[in-house]
Amino acid sequence: MAEATERQSQIATELPTKYLPGVEYRDLPEPAGLRKYIGASVILLATALGSGELIIWPSITARVGIGLLWLAVLGVTMQYFLNMEIERYTLATGETAVTGFSRLWKPWGIIFVLGAILPNAWPGWASSGATEFTFIFGLTSSSVPIIAAIFLTAIGISVTVSPVIYQLLEKVQGVMVVIIIIFIGFAIVVATDASAWTGIITKAPSSIPAFPGYFRQLGAASLLGAIAFAGAGGANNLVQSNYVRDKGMGMGILIPNIVSPITGEEVAAPSLGYMFQETEENKRRWKGWWKVANQEQLITFWFLGTLLLVALSVLVFSTIGGGNVLPGDLSFVQDEGNQLGQSIGSWFETFFFVAGFVMLFSTNLGVLDYVARLTGDSLKVSYLGNSEFWSESKIYITVIWAMIIAGITILFAGLSQPLILLVIASAGGGVVMAFYSVMLIVLNRKVLPDVAKLKGWRVPIMVFIAIFFVIFSLILVYSQISGLFG
């Protein structure tokens, strides 16, 4: 006991202390079975459903067919590996990956806060959800800003009064994912055909030499955004740190949850973490945590995310085909619903639009949460650590309402085209991913105990992912600059 007490009072030498305070050594908690932690990625999955899965990739499929869906699967797979590196740091320390970046250089926290806020200040999900709502009740497009404002305000109120915000999100998003899976399962059986599914594989080889043509047709922003949002995308993946921590995984069990400043009991201290020493017991526990975290992410995020993304794209191809929509046009969703209604029944058309609205509601809830969560954690840890007033919870709620007010203002200013807003958000997210894919390699190879370090076969995979997003981001920046001066 005396040895354990002495170990806990020591400052860990692994984590840099130039920009943030040092942390104590603690033993890793004992991991439980997969059943206890399943769902740690459900918020990330639900956030992904309403952008890449429902809108962006089906839009691409409606324009060019199913030949590029292999690229969507690649995007989800790359995000699986990114998410596991984000989780790696948090499982080992209890800190978020952004806090880890700030330990290497303090301004990284602000850079990633801006990388979360700026792309998502454009209310593409609220506008898309409101547009789906007009399809349900046959309303005109002029009602979209009003519906979106109600939509956003309801989200703000719900998270403001929730005592423990993660628990609210996990329950709401879990129910929404179940509704969506039921819809997709039924739609696959009654509204898709086998040739569309087999075409994903048979048409993939011919799409590779034809890729330059796809690139010119879709544009750098749309294509980078689609790859980035095949899954969660952008800074959203970074908040997987917060979700596994709030789920009580690894050292995260020792970190307080975000609570409502109105109904919960706040903790004003910054969410700094701990470090474990490489005893035999801690090595065994780490291997247990790493195994269960990989299993949970593989099932909840990769498998379900890939299945839902591909199924929704196949559904649009089976109903309205490819090459039938104009860039930026969201009417393909209405055409798809109308076709489903004619093939199956008017009730299914309504069901389709309701399911789409649910997806977009879950996405908007997740987006607002993750931007506020990342901002609250980064500012509290790096710049407001000594403030007794600005708890992480107060920063979180302030950012939620600031985003809501900004979104409503943009919508009433007349910028409410859903797909255009989503492309802005997704392309910006791809650039953010280029930054943190490189930072994760540096962080997880430099500061963790040897048993937890990024090494082996995952290193070349992470290098490939980093190069992929860096090159795509450079192409995007070049295309935008050449467009301005061309």
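The charged end of R88 sits over the ring of W290, 4.2 Å from the ring centre. To count as sitting over a ring, NZ of Lys or CZ of Arg has to be within 6 Å of the ring centre and within 35 degrees of the ring normal. K394 does the same with F389, lying over the face of that ring at 4.9 Å from its centre.

Before going further, a word on what you're looking at: this is a predicted model, where local features need pLDDT of at least 70 and side-chain atom pairs count only at pLDDT 80 or more, while totals for chains, interfaces and linings use all residues. Residues are numbered from 1 along each chain as its sequence is written, and side-chain values use heavy atoms, with hydrogens and water left out.

Now for the overall picture. The protein chain has 20 helices and zero strands, both taken from DSSP runs numbered from the N terminus (helices are H or I with at least four residues, strands E with at least two). Of its 486 residues, 58% are buried, where buried means under 20% relative accessible area, exposed means over 50%, and partly exposed is in between (1.4 Å probe, protein chains only). The chain exposes about 18200 Å², with carbon and sulfur atoms supplying 67% of that; the areas come from the Shrake-Rupley method with a 1.4 Å probe, and for residues only the protein chains shown count as cover. Taking contacts with a separation of 6 or more, 84% are between residues 24 or more positions apart, a contact being heavy atoms within 4.5 Å.

Helix α7 (residues 124–137) is a good place to zoom in. At 1.5 Å a residue its 14 residues should span 20 Å, and the end C-alpha atoms are indeed 20 Å apart; the expected span is 1.5 Å times one less than the number of residues. The helix is mostly covered, with eleven of its 14 residues buried, including W125, E132 and F135. Just after α7, G138 takes a positive phi of about 70 degrees. Helix α18 (residues 392–412) tells a similar story: its 21 residues should span 30 Å, and its end C-alpha atoms are 30 Å apart, which agrees. Just after α18 comes G414, with a positive phi of about 110 degrees.

F135 from α7 also turns up in a cluster linked by ring pairs, along with F183, F186, W347, F348, F351, F352 and F353. Rings of Phe, Tyr and Trp (its six-membered ring) pair if their centres lie within 6.5 Å; planes under 30 degrees apart are stacked, over 60 edge-to-face, and the rest tilted. By this rule the count comes to 27 aromatic pairs. Take F186 and W347: their ring centres are 5.7 Å apart and their planes are at 55 degrees, so the pair is tilted. F186 lies in helix α9 (residues 165–191) and W347 in helix α17 (residues 346–382), so this pair ties together parts that are 161 residues apart in sequence. F186 is partly exposed at 34% relative accessible area, and W347 is also partly exposed, at 48%.

Next along is the edge-to-face pair of F348 and F351, at 5.9 Å centre to centre with 85 degrees between the planes. Both lie in α17, three residues apart, about one turn of the helix. F348 is buried at 0% relative accessibility, whereas F351 is partly exposed at 24%.

That leaves the charged pairs. The whole structure holds twelve salt bridges, each a side-chain nitrogen of Lys or Arg within 4 Å of a carboxyl oxygen of Asp or Glu. Helix α17 shows up here too: R373 meets D246 in a salt bridge at 2.6 Å, N to O. The pair links distant parts of the chain, R373 being in α17 and D246 in helix α14 (residues 240–246), 127 residues apart. Are these partners buried or exposed? R373 is buried at 1% relative accessibility, and D246 is buried at 10%.

R285 and E281 make a more local bridge, with their closest N and O atoms 3.6 Å apart. Both lie in helix α15 (residues 280–320), four residues apart, about one turn of the helix. An α-helix has 3.6 residues a turn, so residues three or four places apart point the same way. R285 is buried at 16%, while E281 is partly exposed at 41%. Shared partners join E30, E281, R284 and R285 into one salt-bridge network.
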